[in-house]
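Student: I should like to discuss the salt bridges of this protein. Please show the model first.

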Amino acid sequence: MALLEIKNVVKSYKEAGGILKGVSLNVEKGEVVVIVGPSGCGKSTLLRCINGLENIQQGEILLDGEVISNRKKDMNIVRQKIGMVFQSYDLFPHLNVLNNILLGPVKAQKRQKAEVTKEAETLLERVGLLEKKNVFPRQLSGGQKQRVAIARALCMNPEIMLFDEVTAALDPEMVREVLDVMFDLAKEGKTMLIVTHQMEFARAVADRVIFLDEGVIVEEGKPDDFFTNPKTQRAKKFLKAFTFEKAK
């Protein structure tokens, strides 16, 4: 049984129409699945549906064989199993780095502060930011904020991590420092579902690539196959946008 099962998921908005049009996808434990596709194709919406931030009109989403879609009463418990890192960091500006990480485990999971503090410091060291534990988000660069957001999500000990275009707002040097953290998580066997426009990173980190367009999965496969020899014309056209011929 897959860790995450997405079965024929349909999501639409009155003003925008269909965003997801019957998406089905499984993610195995320890697998890294990267979702690519043009802007507006439904990539971020799919992650938000998985995490219960959006309700779906049709289909089911299961985690560990249990239906988690469209639940209201205990969705906060479900979210503790699903770590999500957003493009916008979403750190609390009035809390320092350490307290941003402690808040969820101590308040939501009722864990002992001393135990969580030790784990949080280990995670900060892992992402190269232990020396920043007492500073506030406004004192951090964008790349540092995103690494703190990753450490915060990991401190909840989730079963799967969702990354929603986490480098989209970062400068090139900051992009690399965040991607290096994600790459290390992949090497350690962390289950991850990643939405990104970083094609070289996708090719390096993915066990499987999903190409989404207009709310449907157009193509999927191993990264080398997808990037070297895409099967569909739509995927070929999409990938061509990332290549340039040498100017004369």
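Tutor: The questions below concern charged side-chain pairs and their exposure. This is a predicted model, in which local features need pLDDT of at least 70, side-chain atom pairs count only at pLDDT 80 or more, and totals for chains, interfaces and linings use all residues. Residues are numbered from 1 along each chain as its sequence is written, and side-chain values use heavy atoms, with hydrogens and water left out.

Student: How many salt bridges does the rule count?

Tutor: A salt bridge is a side-chain nitrogen of Lys or Arg within 4 Å of a carboxyl oxygen of Asp or Glu. Lys-11, Arg-48 and Glu-54 are joined in a network of such bridges. By this rule the count is 17.

Student: Is Arg-208, the partner of Glu-220 in a salt bridge, buried or exposed?

Tutor: The N to O distance between Arg-208 and Glu-220 is 2.9 Å. Arg-208 lies in strand 9 (residues 208–213) and Glu-220 in strand 10 (residues 216–221), so the pair ties together parts 12 residues apart in sequence; helices (H or I, at least four residues) and strands (E, at least two) are DSSP runs, numbered from the N terminus. Buried means under 20% relative accessible area, exposed over 50%, and partly exposed in between (1.4 Å probe, protein chains only). Because its relative accessibility is 17%, Arg-208 counts as buried.

Student: Which residue forms a salt bridge with Arg-203?

Tutor: The closest N and O atoms of this pair are 3.3 Å apart. Arg-203 belongs to helix 7 (residues 199–205), and its partner, 21 residues apart, to helix 8 (residues 223–228). The partner is Asp-224.
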